[in-house]
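Reader: I'd like to learn how to read pockets and helix packing in a model. Can you walk me through an example?

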Amino acid sequence: MATTTQGRKLEPGVIKAQDAERALRRINEYLSLTEGSNEDIQVHLEIGTQDEALILPRPAAELIAAMLAALASGKGVQIMPLDTELTTQQAADILNVSRPYLIGLLDDGKIQYRRVGRHRRIRVEDLMRFKREDDQRRHDAANELAQLGQDLGLD
């Protein structure tokens, strides 16, 4: 597992897809059996005894399940604190846009940032907020176009 100043990464292939799928099935089965529970989850390790349990808060187990799903489909994952600051290139890569386009978004005030000398730094939390809002705008626009197509009888 690679460690960066922004968090931890698992590149595709570091964990075999079959292993991730097996673990995902087990954790999803447990999460569905205990749906609605807010209790921590006790994980008994194969090498441990019944008295030795790893305790996971349920939200952490759900995050692990999401990571396993990505790994099982051959994707890499990265975990980073929300207050991590990214360079403009890192932020552009996350949004899958060019760096000049991202800088335009920053200059237009669509994404919060701060300056460190001549450089801009974007918090992960602010970038992800923009991404969620932009995804919602795109979803709403697509629904509006679909409705317009139905109204015009173009379906």
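Author: Sure. Keep in mind that this is a predicted model. Let's start with a pocket: by class, the lining of the second largest pocket holds 5 nonpolar residues, 1 polar and no charged ones.

Reader: How is empty space found to begin with, and which residues line the second largest pocket?

Author: The general idea is that rolling a probe the size of a water molecule over the atoms shows where empty space is left. Here, the lining consists of Gln-78, Met-80, Leu-82, Ile-94, Val-124 and Met-128. The space inside comes to about 280 Å³.

Reader: Now the helices. At what angle do H3 and H5 pack?

Author: Helix H3 (residues 88-95) and helix H5 (residues 124-151) pack at about 30°, and their axes are 11 Å apart. Angles under 35 degrees count as roughly parallel, so that's the label for H3 and H5. The crossing is right-handed.

Reader: Which residues of H3 and H5 meet?

Author: On the H3 side they're Ala-91, Ile-94 and Leu-95, and these meet Leu-127, Met-128, Phe-130 and Lys-131 of H5. That contact splits into 6 nonpolar residues, no polar and 1 charged. You've seen Ile-94 and Met-128 before, in the pocket lining.

Reader: And how do H1 and H2 pack?

Author: Helix H1 (residues 17-33) and helix H2 (residues 58-72) make an angle of about 145°, with axes 8 Å apart. Their crossing is left-handed. Among the contact residues are Leu-24, Ile-27 and Leu-31 of H1, along with Ile-64, Leu-68 and Leu-71 of H2. By class, the contact has 13 nonpolar, 1 polar and 3 charged residues.

Notes
Residues numbered from 1 in each chain as written. Predicted model: local features only at pLDDT ≥ 70, side-chain atom pairs only at ≥ 80, totals over all residues. Heavy atoms only, no water. Axes fitted to C-alpha atoms, helices over the stretch in contact; angles between N-to-C directions. Helix = DSSP H or I, 4+ residues; strand = E, 2+ residues; numbered from the N terminus. Parallel < 35°, antiparallel > 145°, perpendicular 65-115°, else oblique. Left-handed = near helix turned anticlockwise from the far one by under 90°. Contact = heavy atoms within 4.5 Å. Nonpolar A, V, L, I, M, F, W, Y, C, P; charged D, E, K, R; others polar. 1 Å grid on protein atoms, 1.4 Å probe; cavity = no way out; pocket = protein on both sides within 12 Å on 5 of 7 lines; lining within 4 Å. Points joined across faces, edges and corners; volume = space filled by probe spheres on them.
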